[in-house]
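Subject: Structure for you, plus what I found

Hi,

Here is the structure I promised to pass on. Have a look at it first, then read my notes underneath.

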Amino acid sequence: MKHATSIAALGLDIVDRVLATARQWKREPHRRHLEGKLLGMLFFNPSLRTRASFEAVMLRGGGAAIVLDAGNDTRKLEDRVGAVMDGDRPEHLKEAVPVLSRFVDALAVRTFAAGVDDDIDNADGILRAFEHYATVPVISMESAREHPCQGLADLLTIEEQFGAAKSLPVALTWAPHIKPLPKAVPNSFLLTAAARGCEVRVAHPPGFDLHPTVVAEAERYAAETGGSIRFTHDQAAAISGARVVYAKAWGPATRAALPPETVRQHGDWMISPEHMQGAATDAIFLHCLPVRRNVEVADAVLDKPWSRVIDEAENRFHVQRALLEWLLH
């Protein structure tokens with residue numbers, strides 16, 4: 001059974017196909033390619049762009065979506081194998097997922113990292129449970145490890161601006177925040193950019209390393225596509241000459257609580273016009289949204305021509321309808 005849960009689950013050929021389809025369909029009237037199809041969407045975490053874009057895909061494509069908020073529209077759901085269910089989670093995914101599968105043509109799930117242990121988050125237990133228990137295709141709307149739809153939208157935005165992404169110098173830079181954030185978005189940008197053959201520079205302060213299995217996977221893609229990956233603690237060096245600057249906050253590798261003083265300590269990592277002026281003259285700025293203005297990114301970047309964050313958000317719609325076309329046909 002096909003699943004759209006990670007870059008690895010898709011493979012490089014399907015990444016190529018999805019991006020090519022998205023580029024083509026964006027120039028055409030909406031296709032009714034999902035007539036009679038029903039998507040079940042289960043959210044363990046809140047959403048704006050993800051929910052709106054997936055519902056728009058289904059409606060514009062002639063299908064429909066059932067949207068459920070886990071723990072509010074449903075009972076709280078247990079995912080642990082062998083759990084003694086005497087707490088506040090009265091229903092297990094072992095029953096919930098196959099039951100939902102009987103009603104829909106595909107299941108989409110959104111679940112964030114717990115932020116306690118990097119290895120546990122990297123194992124992506126809830127998403128793996130959906131893949132295991134579902135009897136229909138599963139699509140990730142973000143998980144503890146990856147956000148593949150965001151990564152695809154990022155690369156569609158880049159390729160619309162510059163043409164082919166191969167050998168394009170792109171900077172993924174850590175940004176300050178008021179709290180530790182999951183690594184799914186930076187992971188997916190790294191993986192997808194490597195899968196498209198970009199020259200990726202990743203900058204972060206000491207202690208904020210991405211998980212080694214994600215790095216190893218990205219390096220395999222770069223080797224296959226002719227791209228490259230370089231890590232540095234020097235933000236200016238990563239941004240220098242880059243044609244894409246992607247900023248995203250993420251938590252420390254130890255997953256220890258991130259004290260407020262860390263934001264102040266690394267406040268100079270907030271992307272400012274001075275940072276962008278160190279990039280290439282035709283550089284663009286990307287961020288997945290939502291963004292904390294003047295904490296992660298200065299107003300003077302987001303409100304200037306560098307910014308492509310709205311185009312990037314729109315492109316979620318285009319890559320997701322192409323993804324569902326592949327998944328359901």
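Arg243 is in contact (heavy atoms within 4.5 Å) with Phe162, Leu168, Pro169, Ala280, Asp282, Ala283 and Ile284, leaving aside its neighbours within four places in sequence. You'll find Arg243 in the loop between helix 10 (235-239) and strand 10 (244-248). Helices (H or I, at least four residues) and strands (E, at least two) are DSSP runs, numbered from the N terminus. Arg243 is partly exposed, with a relative accessible area of 28%; buried would be under 20% and exposed over 50%, with partly exposed in between (1.4 Å probe, protein chains only). Ile158 is 85 residues from Arg243 in sequence, yet their C-alpha atoms are 9.2 Å apart in space.

Before you go further: this is a predicted model, where local features need pLDDT of at least 70 and side-chain atom pairs count only at pLDDT 80 or more, while totals for chains, interfaces and linings use all residues. Residues are numbered from 1 along each chain as its sequence is written, and side-chain values use heavy atoms, with hydrogens and water left out.

Now the sheets. Two strands count as paired if DSSP finds at least two bridges between them. One open sheet has five strands in the order 9-8-7-10-11, with parallel pairing. Its edge strands are strand 9 (228-232) and strand 11 (284-286), each pairing on one side only. The twist averages 20 degrees from one strand to the next, using axes that are lines fitted to C-alpha atoms (for helices over the stretch in contact), with angles from 0 to 180 degrees between N-to-C directions. Strands 8 and 9 are joined in parallel by five bridges, and Glu199 stands opposite Ser228 in strand 9.

The other open sheet has four strands, in the order 2-1-5-6, again with parallel pairing. Strand 2 (64-69) and strand 6 are at its edges with a single partner strand each, so one side of each has no neighbour in the sheet. Strands 5 and 6 run parallel and share three bridges; there, Val109 has Ser140 in strand 6 as its bridge partner. Helix 3 (residues 49-60) lies across strands 1, 2, 5 and 6, at about 170 degrees to strand 1.

Helix 6 (residues 125-133) is worth a look too. Its buried residues are Ile126, Leu127, Ala129, Phe130 and Tyr133. They sit on the same side of the helix, because they cover an arc of only 155 degrees around the axis (taken from the directions from the helix axis to the C-beta atoms). Their cover includes strand 1 (38-43), helix 4 (93-101) and strand 6 (138-140).

As for cores, I mean sets of buried Ala, Val, Leu, Ile, Met, Phe, Trp, Tyr and Cys residues joined through side-chain atoms within 4.5 Å. The largest nonpolar core has 68 residues, of which Ile139, Leu190, Leu323 and Leu324 touch the most other members. Helix 14 (residues 309-328) gives the most to this core, with eight residues. A second, separate core of 18 residues includes Ile239, Ala279, Leu302 and Val309.

Finally, Trp174 and Phe208 are both buried, and they form one aromatic cluster with Trp269.

Cheers

Methods:
Phe/Tyr/Trp six-rings, centres within 6.5 Å; stacked < 30°, edge-to-face > 60°.
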